[in-house]
Amino acid sequence: MLKTNEWQTLNDCEMNHDNFQALLKNNIPSIRISKFASFEECNKLSLAIEKVGFDFYKNVEPPIGRIGITQFEYRNRDKLGYFDEVKKAQTTYNQVISLSFDPLQRLATMLRQNVSNKVQIAYENEVCGNYFAGLIRHINIALLHIDFAQLDAPDWEIGNITSQLVWNLYVKAPTQGGVCKVYNRQWQSEDEKYKTPGSYGYDYSLVATSEVKHNIPLAGDLVIFNSRNFHEVLPGIGERITISSFIGKMPGGDLVFWS
Ligand SMILES: O=C(O)CCC(=O)C(=O)O
Ligand SMILES: [Fe+2]
């Protein structure tokens with residue numbers, strides 16, 4: 001069994017070099033960049049997102065709306081199918097941010113200043129090219145799950161990551177609830193037997209005794225957490241719209257983005 005250490009704090013941590021390294025090692029629960037986006041930038045993003053409109057995941061209950069593509073949906077399919085869709089997803093993302101600002105680039109700049117100058121969009125190979133990063137989602141509830149490319153993408157370049165984080169910018173936040181609960185419990189292969197058949201969710205008994213961090217969605221804030229930890233999104237009152245991507249650490253130390 002993987003050893004899980006207690007987190008050093010349950011408070012929100014700011015973005016700096018040490019906290020980022022601590023997050024990669026799962027020594028702290030999350031980093032919050034308060035007021036990452038202004039009220040006006042969020043409003044403009046919301047309007048642009050409304051204009052484009054959401055698609056819904058196939059076979060995901062409760063429903064989650066999204067704009068953009070995810071590697072996860074192609075994990076058991078032809079890899080080229082994903083890379084064929086990257087350009088279109090990128091064009092739609094550019095359409096949304098052109099009316100406001102680019103959260104992915106703003107975060108990349110902060111990471112270059114604080115953490116490492118090797119930050120880029122994940123790349124597969126000469127044939128496939130780059131991944132897509134910058135998924136926009138409308139989540140009401142997300143079941144207990146993890147996101148970890150060693151499990152979800154063993155035959156993809158991102159499957160080589162040694163740790164994985166996820167950032168979410170809250171573009172529109174519920175007036176109540178919608179908390180993202182992150183448990184201090186890193187996924188390990190034995191946990192697969194706790195997976196609910198036909199769903200992406202896992203049994204809650206896995207985290208019954210785990211420490212938990214409540215990440216409260218506040219519009220304009222960006223929260224980063226270690227997505228190998230089990231996490232879930234609780235129901236809330238009012239719309240909850242996020243922009244997100246994963247941040248993987250490659251064996252050579254490079255940080256890579258994908259969705
Ligand atoms: O919307 C959130 O707060 C987190 C959603 C989630 O499961 C993720 O970003 O991996
Ligand atoms: Fe997740």
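**Exercise 1. Find what share of the 259 residues of the protein counts as buried, and describe the overall build.**

Solution. Of the 259 residues of the protein, 39% count as buried, where buried means that 20 or more other C-beta atoms, placed from the backbone, lie within 10 Å of the residue's own, exposed means 12 or fewer, and partly exposed means in between. The model is a predicted one, in which local features need pLDDT of at least 70 and side-chain atom pairs count only at pLDDT 80 or more, while totals for chains, interfaces and linings use all residues. Residues are numbered from 1 along each chain as its sequence is written, and chains are lettered from A and ligands numbered from 1 in the order in which they are written.

Next, take the secondary structure, which comes to 5 helices and 15 strands; helices (H or I, at least four residues) and strands (E, at least two) are DSSP runs, numbered from the N terminus. The radius of gyration is 17 Å, close to the 18 Å that the globule rule gives for 259 residues, so the protein is as compact as a globular protein of that length. Here the radius is taken over C-alpha atoms, and the globule rule is 2.2 Å times the number of residues to the power 0.38.

**Exercise 2. Describe how helix 2 and helix 3 pack, and name the residues that make the contact.**

Solution. Two packed helices are described by the angle between their axes and the distance between the axes. Helix 2 (residues 39–52) and helix 3 (residues 79–97) pack at an angle of about 140°, and their axes are 8 Å apart; axes are lines fitted to C-alpha atoms, for helices over the stretch in contact, and angles run from 0 to 180 degrees between N-to-C directions. The two helices are therefore oblique to each other, given that angles under 35 degrees count as roughly parallel, over 145 as roughly antiparallel, 65 to 115 as roughly perpendicular and the rest as oblique.

The contact is made by Leu45, Ala48, Ile49 and Val52 of helix 2, together with Thr92, Gln95 and Val96 of helix 3, two residues being in contact if their C-beta atoms, placed from the backbone, lie within 7 Å. These residues divide into 5 nonpolar, 2 polar and no charged, with Ala, Val, Leu, Ile, Met, Phe, Trp, Tyr, Cys and Pro counted as nonpolar, Asp, Glu, Lys and Arg as charged, and the others, Gly among them, as polar.

**Exercise 3. Decide whether Ala89 and Arg228 are buried or exposed, and list what each touches.**

Solution. Ala89 has its place in helix 3 and counts as buried, with 20 C-beta neighbours inside 10 Å. Leaving aside neighbours within four places in sequence, Ala89 is in contact with Gly68, Ile69 and Phe132.

Arg228 is found in the loop between strand 11 (222–226) and strand 12, and with 23 C-beta neighbours inside 10 Å it counts as buried. Not counting residues up to four places away in sequence, Arg228 touches Ile146, Phe148, Ser163, Gln164, Gln186 and Trp187.

**Exercise 4. Examine phi and exposure at Asn26 and Lys35.**

Solution. Most residues other than glycine have a negative phi. Asn26, in the loop between helix 1 (17–24) and strand 1 (30–33), has a positive phi of about 60° although it is not a glycine, and it is partly exposed, with 19 other C-beta atoms within 10 Å. Lys35, in the loop between strand 1 and helix 2, has a positive phi near 55° and is exposed, with 12 other C-beta atoms within 10 Å.
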